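Here is a short, friendly briefing to read alongside the structure. Where is there empty space inside, and how does one of the helices sit against its surroundings?

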Amino acid sequence: MRMRAVQYDHYGGPEVLQIRTLAVPSPGLDEMLVRVHASGLNPKDSVVRSGAMRPLSGRRFPRGTGYDFAGEVVRAGAAIDDLAPGARVWGFLDGYLGGAAADYLTAPRKWMSAMPEHLDWVEAAAMPLVATTALQALRDVARLASGERLLIKGASGGVGSAAIQIGAFKGAHVTAMARGDGVEYCRSLGAHEVVAYRQIDPARFHERFDVFLDCVGRSPVRAYRRLLNPGGRWVTVAPSPPIYALAPISPVLSRVFGGPRFSFVAVKPRQADLEELAALVDRGVLRMPVTGTFPLEEIRAAHGLVAKRHGRGKRVIVVSPIAAAQA
């Protein structure tokens, strides 16, 4: 059996992406073969493809693209007995090789779970990577507590959209930073306060926060640390060199001098987290607006757009005819 898959043979711009016809892979003992209906688009897709993460992503080619997926189980490995063929699943691929922009993929069982009951394929594909990132950042790294004040920079993007809702659900007071039409968008997701980027001058802004979630990764440390309370936590999803340097020593510095703690989230796909997120979706707590869809044949245009990082919610690659009918 054959399938379509997007691959590239060297780093570069969107033009390196090619749609190829390949053999459908076979799952290993603890893997699932999934028929992909839709695949989410993330800044990670274009950053990895460009070669900007080469020290981490390596030089293995050809490689695929796409990490989020929503689809149906076709076949399970011999060690798996809890998801039957036809089960609706969602998840995301770990690492940097990608491969979700394809008709089929294989992945470990622990990287996926049953998808929320009330989502269609396009909606489900938009959420796994960004919502898991927000969950792990706020719950595991920041240890956000009820009653704390949370500031989210880049709040109208995928991770920020999920973080607004998860933060509010956990009982935090959420202030979202956004640009342009993202202000009203963030309010619609439940942010208690929304400020435009240009309205926050860290040197003059008097409000202080317990947690700063930086979804952009380009925030000057000296300026933005002023916005944190003593012992506050700065968590980023895109660590800059200063954050890399400060993260290991900031717990000690915070205890001695009372300054903030710096850390970053290295997101990992976990079945339990995907199940937790699915429960939040089914309870009406969490949603991810889809602001654009592309057929697989337009993967280059989609990569070019997502690389600009200006947009609300998520964009999705529609892979199957069934998902195309829902787009």
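The largest cavity is lined by S39, G40, L41, D45, T65, G66, A101, I299, H303 and I317. Please keep in mind that this is a predicted model. The briefing takes the cavity, then helix 10 (residues 271-282).

**The cavity**
- The structure holds one cavity of 30 Å³ or more, and the space in the largest cavity comes to about 30 Å³.
- Two elements, strand 3 (31-41) and helix 11 (299-306), each give two or more residues to the lining of the largest cavity.
- Strand 3 gives the most, with three residues.
- Sorted by class, this lining has five polar, four nonpolar and one charged residues.

**Helix 10: length and end**
- Helix 10 has 12 residues, which at 1.5 Å a residue should span 16 Å; the C-alpha atoms at its ends are 16 Å apart, so the two values agree.
- After helix 10 comes G284, which has a positive phi, near 85°.

**Helix 10: the buried side**
- Which residues of helix 10 are buried? They are D273, L274, L277, A278, L280 and V281.
- These buried residues lie on the same side of helix 10, because they cover an arc of only 160° around the axis.
- Their cover includes two strands, strand 6 (88-92) and strand 8 (112-114).
- Helix 4 (128-141) and helix 5 (158-169) are also among the elements that cover the buried residues of helix 10.

Technical notes:
Residues numbered from 1 in each chain as written. Predicted model: local features only at pLDDT ≥ 70, side-chain atom pairs only at ≥ 80, totals over all residues. Heavy atoms only, no water. Helix = DSSP H or I, 4+ residues; strand = E, 2+ residues; numbered from the N terminus. Expected span 1.5 Å × (residues − 1). Buried < 20%, exposed > 50% of the residue type's maximum accessible area, 1.4 Å probe, protein only. Arc of directions from axis to C-beta. Contact = heavy atoms within 4.5 Å. 1 Å grid on protein atoms, 1.4 Å probe; cavity = no way out; pocket = protein on both sides within 12 Å on 5 of 7 lines; lining within 4 Å. Points joined across faces, edges and corners; volume = space filled by probe spheres on them. Nonpolar A, V, L, I, M, F, W, Y, C, P; charged D, E, K, R; others polar.
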